[in-house]
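Please work through the following exercises with the sequence and the structure at hand. Each task is followed by a solution in steps.

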Amino acid sequence: MSKVMEEEFKRWTAKRKAALVMEIIQGKTTVAEASRSFDIPPSEIEEWVDEGRKGMENALRAKPLDVREQYERQLKELQEAYGEAVLELRARKKLASLLGEEDK
């Protein structure tokens, strides 16, 4: 691990998270190794890696989105998915009620 990662520390700053994510991306360590070394759940480290990749992708765009645009886009996608799920649930309930009425 790099010097930044070898230091004893009590909290994970963005700089420390970024250093760990870079080591994982560069293949210097793995999520499993980092999880064991720092006693952090692998899912949390994987989330940092995912966020780091998203941030890197955005930074390399010709016209990077600002943070607000990113969250608004994500919110819109989630709202659309929620709407689709509600429609599907309503359709299933309707179908179930129709099938239940036919059995009587």
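The exercises below concern a predicted model and treat helix packing and aromatic pairs.

**Exercise 1.** Determine how helix α2 and helix α4 are oriented to each other, and which residues make their contact.

*Solution.*
Step 1. Two packed helices are described by the angle and the distance between their axes.
Step 2. For α2 (residues 14-25) and α4 (residues 42-59), the angle is about 85° and the axes are 10 Å apart.
Step 3. Angles of 65 to 115 degrees count as roughly perpendicular; α2 and α4 are therefore roughly perpendicular to each other.
Step 4. On the α2 side, the contact involves K17, L20, V21, I24 and I25, while α4 contributes I45, W48, V49, R53 and M56.
Step 5. By class, the residues of this contact comprise 8 nonpolar, no polar and 2 charged.

**Exercise 2.** Find the aromatic pairs of the whole structure, and state which geometry each has and which parts of the chain it links.

*Solution.*
Step 1. The search yields 2 aromatic pairs.
Step 2. In the pair of W12 and F38, the ring centres lie 5.1 Å apart and the planes stand at 90°; planes over 60 degrees apart count as edge-to-face, so this pair is edge-to-face.
Step 3. W12 belongs to the loop between α1 (3-6) and α2, and F38 to helix α3 (residues 31-38), so the pair ties together parts 26 residues apart in sequence.
Step 4. The rings of W12 and W48 have centres 5.2 Å apart and planes at 45°, so this pair is tilted.
Step 5. W12, in the loop between α1 and α2, and W48, in helix α4, are 36 residues apart, and their pair links distant parts of the chain.

**Exercise 3.** Decide whether W12 and W48 are buried or exposed, and name the cluster to which they belong.

*Solution.*
Step 1. Both W12 and W48 are buried.
Step 2. Together with F38, W12 and W48 form one aromatic cluster.

How values were computed
Residues numbered from 1 in each chain as written. Predicted model: local features only at pLDDT ≥ 70, side-chain atom pairs only at ≥ 80, totals over all residues. Heavy atoms only, no water. Axes fitted to C-alpha atoms, helices over the stretch in contact; angles between N-to-C directions. Helix = DSSP H or I, 4+ residues; strand = E, 2+ residues; numbered from the N terminus. Parallel < 35°, antiparallel > 145°, perpendicular 65-115°, else oblique. Contact = heavy atoms within 4.5 Å. Nonpolar A, V, L, I, M, F, W, Y, C, P; charged D, E, K, R; others polar. Phe/Tyr/Trp six-rings, centres within 6.5 Å; stacked < 30°, edge-to-face > 60°. Buried < 20%, exposed > 50% of the residue type's maximum accessible area, 1.4 Å probe, protein only.
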